[in-house]
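Let's take a friendly walk through this protein, side chain by side chain. Have the viewer open and follow along.

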Amino acid sequence: MNNSIHILDYTIIGVYLAGIFTLAFYSGKKSNKGDLVEEQYLAGKSLTIPESLFSIIATEVSALTFLGIPAFAFGKDYSFIQIYFGAVVGRLLIARVMLPAVYDKGITVYTVMAKFGDVNGQKAIAIFYTINKILAVGVRLFSGSILVAEFFNLNIYIAVGVICIITFFYTLIGGLKAVVRTDMVQMFLFIFGGLVAHYMIPEISQHSWSELMSYAHAQDKTSFLSFSNPMPFIIGVFGGILFDMATHGVDQDFVQRLTANKSIRGAKIAIISSSFISIFVGLLFLSIGSLLWSHYQMVPTPDLPNDKIFAHFITLYFPIGIKGLMVAGVLAATMSTLDSTINALSSCLYNDIFHHRSHSKSLIENYYRRDTLIITFVLMLIAFIAAQSDGLLMFGLRITSWTAGSLLAVFFGTTIFKFARLTFQNVVSAYLFGVIAVFLNTFIFELNWNFNVYFGFTLGLLGMYLTEKLFSTKGPA
């Protein structure tokens, strides 16, 4: 679409990429000591509060935030922020109930669960998690490739491949410490990109920021709570509580940023603080959608899916240099999610799925390279499939909502309530009952999708309880 990419744009993107590789290399060199497994997957338990905090934000704020949340507000309103309000409660519960159960007790959260079960159960829960994570992040990878494809006038599949290759190589350099430190830089970059968009859209539209926002507000495009009908808001908030407990409390991608902190107190501060920053980031990008909507009420709207509106606007209207900055911001959002997923899934492969692997230094490094390559390749394939889809934000979230309740049920059943052991039968039962529950909610009861995690969690616990009673005469291990 864009035939006049300026050398300044290339320079900005090049400087960003060079900086990320340099930081990853430096961090990897600094952390390459002590127990290699712990260094690789828990950064030697050396993370500070800012490192844990900002890497959580960078990991959760993918390109779906940069492009998908503006698209949501462009097509609808601010109701998506309800989930973020629920996350405040969810992360308080993570800090108080879930984190003490896993901190300093194993490399992965599934290793901790296995202390109340057996090896087959550990493999099963790690495999289920891995499959779900690959599907969800594959969608986010595609979303982040949209602007890259628009900007460089590339086929979307080539854009996906380029991002995967870049992320693969710098993720190899230094383990979790390198991932976390590069994530911190990337978080500030994509937030800065969002702030720049707030300045540029009014400039291009030739209407002030307040005029554009006031017009959107007058047309009810900024609403997230109706006092005449508060139920959607209440449902969204309650949906966000359990959803966030599943994603941030039992997802190894996020848990490792907490268990790698120097202290449990630091981890608690990081997870609680992150909920408030998430609200700010959500509102920052929702309001970009409002600005774009108001602008396009005055000029013809391009015949594009909502997911591509912001990318199209950046490519067509943003000035030289700022375009490069915005592309770097999307790359930052995409790569910070991708590198975190690669490291988390690698830890699951090493510690949970193939836990009998050798602990020699050379073999650990070989395993990490091979696992990283395989995970990156599979994520790329999922992104190719997602290229055929529309409505990325909700699609990406609903993938997770179908199994998040089951994952949370397994954790609570084995580690908090301790009425069941982590066995193959119990894991399969929790997922089978949980997915059936979500199916009923979606196609039979036809209730709001925010109830998916509640249905999955409740029926998942029931399935584990019944299976434990049926297959075992022993109490939990």
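## Two cysteines on their own

This is a predicted model, and a good place to begin is Cys-348. At a relative accessibility of 0%, Cys-348 counts as buried. Its sulfur has the sulfur of Cys-164 as the closest cysteine partner, yet the two are 19 Å apart, too far for a bond. Cys-164 is buried as well, with a relative accessibility of 2%.

How many disulfides does the structure hold? The count is zero. A disulfide is a covalent bond between the sulfur atoms of two cysteines. For a pair to count here, the sulfur atoms would have to lie within 2.5 Å. Seen from Cys-164, the closest cysteine sulfur is the one in Cys-348, and a distance of 19 Å is too far for a bond.

## A buried salt-bridge network

A search of the whole structure turns up 10 salt bridges. Please turn to Arg-257, which has a relative accessibility of 0% and therefore counts as buried. Arg-257 forms a salt bridge with Asp-183, with 3.3 Å between the closest N and O atoms. Arg-257 belongs to helix α11 (residues 252–259) and Asp-183 to helix α8 (residues 156–205), so this contact ties together parts that are 74 residues apart in sequence. Both Arg-257 and Asp-183 are buried.

Arg-257 also meets the side chain of Asp-253 in a salt bridge, at 3.8 Å from N to O. Asp-253 and Arg-257 are four residues apart in helix α11, so about one helical turn separates them. With 0% relative accessibility, Asp-253 counts as buried. Step back a little and you can trace a network of salt bridges that links Lys-133, Asp-183, Asp-251, Asp-253 and Arg-257.

## Lys-45 and its contacts

Next, look for Lys-45 in the loop between α2 and α3. Is Lys-45 buried or exposed? Lys-45 has a relative accessible area of 18%, so it is buried. Its side chain meets that of Asp-104 in a salt bridge, 3.9 Å from N to O. The contact links distant parts of the chain, 59 residues apart: Asp-104 is in the loop between α5 (81–102) and α6 (109–113), and Lys-45 is in the loop between α2 (36–42) and α3 (49–60). Unlike its buried partner, Asp-104 counts as exposed, at 55% relative accessibility.

Lys-45 has an aromatic contact too: it lies over the face of Tyr-103, 4.1 Å from the ring centre. Its backbone deserves a glance as well. Most residues other than glycine have a negative phi. Lys-45 is not a glycine, but it has a positive phi of about 50°.

## Aromatic pairs

The whole structure contains 31 aromatic pairs. A pair of aromatic rings is described by the distance of the centres and the angle of the planes. For Phe-66 and Phe-310, the ring centres are 5.9 Å apart and the planes meet at 20°, so the pair is stacked. This pair links distant parts of the chain, with Phe-66 in helix α4 (residues 63–75) and Phe-310 in helix α13 (residues 309–317), 244 residues apart. Both Phe-66 and Phe-310 are buried.

Phe-419 and Tyr-465 have another geometry: with ring centres 6.0 Å apart and planes at 65°, the pair is edge-to-face. Phe-419 sits in the loop between α16 (392–416) and α17, while Tyr-465 sits in helix α18 (residues 452–471), so the contact ties together parts 46 residues apart in sequence. Phe-419 is partly exposed, with a relative accessible area of 26%, and Tyr-465 is partly exposed at 40%. Elsewhere, one aromatic cluster is formed by Phe-74, Tyr-296, Phe-313, Tyr-317 and Phe-318.

## A nonpolar patch on the surface

Finally, which residues make the nonpolar surface patch of about 760 Å²? They are Leu-432, Ile-436, Phe-439, Leu-440, Phe-443, Ile-444, Phe-445 and Leu-447. One of them, Ile-444, is placed in helix α17 (residues 424–445). With a relative accessibility of 52%, Ile-444 counts as exposed.

Glu-446 is found in the loop between α17 and α18. This residue is not a glycine, yet its phi is positive, at about 55°. Glu-446 counts as exposed, with 60% relative accessibility.

Key:
Residues are numbered from 1 along each chain as its sequence is written. This is a predicted model: local features need pLDDT of at least 70, side-chain atom pairs count only at pLDDT 80 or more; totals for chains, interfaces and linings use all residues. Side-chain values use heavy atoms; hydrogens and water are left out. Patches are made of residues with over 30% relative accessible area and no salt bridge: like charges are joined within 9 Å, nonpolar side chains (Val, Leu, Ile, Met, Phe, Trp, Tyr) within 5 Å. Accessible areas come from the Shrake-Rupley method with a 1.4 Å probe; for residues, only the protein chains shown count as cover. A salt bridge is a side-chain nitrogen of Lys or Arg within 4 Å of a carboxyl oxygen of Asp or Glu. Helices (H or I, at least four residues) and strands (E, at least two) are DSSP runs, numbered from the N terminus. Buried means under 20% relative accessible area, exposed over 50%, partly exposed in between (1.4 Å probe, protein chains only). Rings of Phe, Tyr and Trp (its six-membered ring) pair if their centres lie within 6.5 Å; planes under 30 degrees apart count as stacked, over 60 as edge-to-face and the rest as tilted. A charge sits over a ring if NZ of Lys or CZ of Arg is within 6 Å of the ring centre and within 35 degrees of the ring normal.
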